[in-house]
Structures are given as C-alpha cells and as structure tokens.
Amino acid sequence: MVAVFRSLMVLLLAQVLLGGAAGLIPEVGRRKYSESGKQSPEQSENFLNEFELRLLNMFGLKRRPNPSRQAVVPQYMVDLYRMHSVNGDHSTKRPRSMGRHAERAASKANTIRSFHHEESMEALASLKGRTTQQFFFNLTSIPGEELITSAELRVYRDQVLGATAAPTSNTSHNSSNRSSTNTSTSVGGIHRINVYEVFGAPASPRGEPLTRLLDTRLVQDSLSRWESFDVSPAVSQWSSGGSHNHGFMVEVFHPDTQGGEEAQRQSRHVRVSRSLHEDQDSWPQARPLLVTYSHDGRGNAVLHRDKRQAAGHRKQRRKHQHKANCHRHELDVDFSEVGWNEWIVAPPGYHAFYCHGVCPFPLADHLNSTNHAIVQTLVNSVNSNIPRACCVPTELSPISLLYLDEYEKVILKNYQDMVVEGCGCR
C-alpha cells in the first residue's frame, strides 16, 4: 500500500513541477519549490534531483526525451495503442495489418518497441533474379531487465500492376491498412519473401553471408499490404547476449521467373530499400519495421483490461457517499501543461483522480476501511491527539502510453497504478 501511495504522490507532484528543457522538472517548478522556504536551497535542489530520478526511473528513461521534427511514429504503433490502450476505445478492431501471432505476443507483453533499420549500414544486392537486402537494427536501447517474448519484422509490399500499365504508387502509407486505388489489371502471381538471421560476413567479397532461415511466405502480387515475419528466435538471442547482432537478410524473388528485368521489376514493389523507390515521401511510413514485445516484470500485460466492471463498482459506491466524506475527486492530467506533449504521442492526457475527504466516526461500510482504520477512528473519538484514519487510494489501474524515448524510438508501454479507481480510509 505504501508503494501504491508513493506512486500516486509522484504523479500528483509531477503535475505541479514537471516540464522544462533540461530535465523533466521545469525551471519554473524548481524555482517555485525552492522559494517555498520549506528547505534550504541546497536541500531543495537535492530533493528535486532525487524526484526527477524517480520520474526517469518510472518511465525507464536516462534523460528527458527531446525528439527532432524528423522523428517518425509508425502508423502500426498508433494502431496498436488504439487497440490495446486500457483507457482507449475497446471497440477498436484489430488492424488488418496485425497478424494473429502479433496479437498473441502483445497480450503477454507490457512494453512494445519499434525500430527502423540503420540505413547507413544497409547492404543491397541483386543475385540471380533475387533482390536481397541486409538490415541492421540497433537494439541497445532495450533495458537489460526486459524479457523479449516475441519480435516481428514488418515489410511493406506494393501491388504489382499488369503489363498494360506502368507501376505507380498511389498508396498512402500513413495508414497501414489502405490498399492501392489503381484499377489496372494486376499480374495475379506470387512473390516469395524469405527472412534470414545473419551470423557473420561472407567468406569472400562476392560471397553471401552466413545465415539461417527464420520465416518465409508466399504473397500475392495483386495486393498492397504489410507482411509480418516472426524473428523472435534471433532477437531473443541478441537481447540476452546469446549471440551477436549482425542483422537480418530479406530475400525477395518471383518463383515463376528465372531472373531478368521482369523479376527485378516485380521485386521493386517490396519496400526493402529507399534506393529502390522513386516515391520518397512515402518511405518514412513504408520502410521496414522491427517490433519487439517484452515484459519488464512490473504489473500486467498491455491487453485485456476491462474497466466497465470497475466503473460499475464506483457508481454504486458514489450513491452512498456523503459529500464531505472520503471519496474520489476529479483530477485531469494534461501532458501539454507539464511539458510532456513533445515526446508523449498518445494520449494527450488522462483522468487520474485523487482521494480526499473525512473518515468520520463511526466508519461506514462503504468507506472501505481496514480493521486498523476502524480502531484508530474509535480511539480518535475519545483522544484527539490520535489522528483520524486517512483517505487514500485503495484501488488503482494502469494506463498505456505511446511515446518517443531519448533515442527517438517509439514505445507503447503499460504503466501501473496511474488511475485511482477507489478510495477508502486507512
């Protein structure tokens, strides 16, 4: 209970003190606390620094995020937030771009991270009618205490148009589940996409790297959509230190074509490299994406939070509450007011609530009191030197946040004990 109360106090203090450029606490908040006269200037600074460290630890950050204007938030992560958010719309359907494997993976995780590959380290080659692309994803920002439960590599594939029409790019990649609006006749064939883990450099300059197959798929040429590949074995080994991260190799080819220009033309419709596409504007949202699902050992998973039952309990409790007695009050947290809207993508804020009110003698059943609180209130009725029981949170729930960390990586994470669901005398 003490830990829960402290977590809530951190949240309430944050609303007053947070923001600024250098850290999570703004200069205005620092000055306001220092000028309160509660402590010496040195003691005040030490307290604020310790408080900021606690906030950073709460979010798993080393410093305040300061994302650039070029930072890209993948639409897939926004879709995941909308579907998984405990304070979001539970009627949101599973995105068509999200496979069943990813849905199961998300249900076991409380942290979902996305990574774009390091373009400066990519290696593109065309061998015997195949397009092969080697990717490297920098995963060093994943904390060591997080257990990777699953990982998927996502590749966008444009519709392949028929020979009577030139390939065009009418797809808007700001939505992960839109398809091309071009009405030209499609080829109606298939591609094969293979994803390999790379173990090391090739033995000779012209040789291929040492790899192992992780996942493979035959895909229809006539559709524009994201393809997801299970790369969990490799990412789990990399994160645990079991093997060195040399990246992935993606191989794209048409089984019915023996090389030549036709194979190259069709392979170009799989978005594996910026250099393969003239439509540079869509590349930030269409480039390959690695998504990791992990759990840091704190609290529950992102999915499966039903707030309707808790809301029903609150409604019943409110019927019996006297206005002056201990009960839940409104507290709306607006991230723009505390300076966090620069790096928190969603939500813009949330209803945190707080507990306040009198714990009167005798304590009624609806005040959700402990035996100790009942005895303390009884003693207080005859001895005013003993304080009354305190009105504190007795039930809290999590929220999900979608944000950019200090490395401009996009993270969806579930944070425990952020919303007061019930109050009582303790």
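Over the face of which residue does Arg 217 lie, and at what distance from the ring centre? I looked this up before anything else, keeping in mind that the model is predicted.

**Entry: charges over rings.** I found Arg 217 over the face of Phe 229, at 4.8 Å from the ring centre. I then checked Arg 154, which lies over the face of Tyr 76 at 3.6 Å from the ring centre.

**Entry: the largest nonpolar core.** I looked up the members of this core, which has 35 residues. Those that touch the most other members are Phe 335, Trp 340, Trp 343, Tyr 350, Leu 401 and Tyr 403. I noted the elements that give two or more residues to this core: helix H3 (41-59), strand E15 (391-404) and strand E16 (410-425). E16 provides the largest share, 7 residues.

**Entry: Leu 401.** I listed the contacts of Leu 401, leaving out residues up to four places away in sequence. Among them are Phe 59, Phe 335, Ile 344, Ala 346 and Pro 347. Leu 401 also touches Ile 411, Leu 412, Lys 413 and Tyr 415.

**Entry: the second core.** I found a second, separate core of 24 residues. Its members include Phe 135, Leu 139, Leu 214 and Phe 229. Phe 229 is also the residue whose face Arg 217 lies over.

**Entry: aromatic pairs.** I counted 13 aromatic pairs. For Phe 135 and Phe 137, the ring centres are 6.2 Å apart and the planes are at 50°, so I entered the pair as tilted. Phe 135 and Phe 137 are both buried.

Next I took Trp 343 and Tyr 403. Their ring centres are 5.8 Å apart with the planes at 85°, so this pair went down as edge-to-face. Trp 343 sits in the loop between strand E11 (332-334) and strand E12 (344-346), while Tyr 403 is in strand E15, so the pair ties together parts 60 residues apart in sequence. Both residues are buried.

I followed the ring pairs further and found a cluster made of Phe 59, Phe 335, Trp 340, Trp 343, Tyr 350, Tyr 403 and Tyr 415.

**Entry: Asp 158.** Is Asp 158 buried or exposed? I entered Asp 158 as buried, because its relative accessible area is 6%, and the cut-off for buried is under 20%. I placed Asp 158 in the loop between strand E4 (147-157) and strand E5 (190-200). I also checked Asp 158 against Ser 224: the two are 66 residues apart along the chain, and their C-alpha atoms are separated by 4.5 Å.

Key: Residues numbered from 1 in each chain as written. Predicted model: local features only at pLDDT ≥ 70, side-chain atom pairs only at ≥ 80, totals over all residues. Heavy atoms only, no water. Core = buried A, V, L, I, M, F, W, Y, C linked by side-chain atoms within 4.5 Å. Buried < 20%, exposed > 50% of the residue type's maximum accessible area, 1.4 Å probe, protein only. Helix = DSSP H or I, 4+ residues; strand = E, 2+ residues; numbered from the N terminus. Contact = heavy atoms within 4.5 Å. Phe/Tyr/Trp six-rings, centres within 6.5 Å; stacked < 30°, edge-to-face > 60°. Lys NZ or Arg CZ within 6 Å of the ring centre and 35° of its normal.
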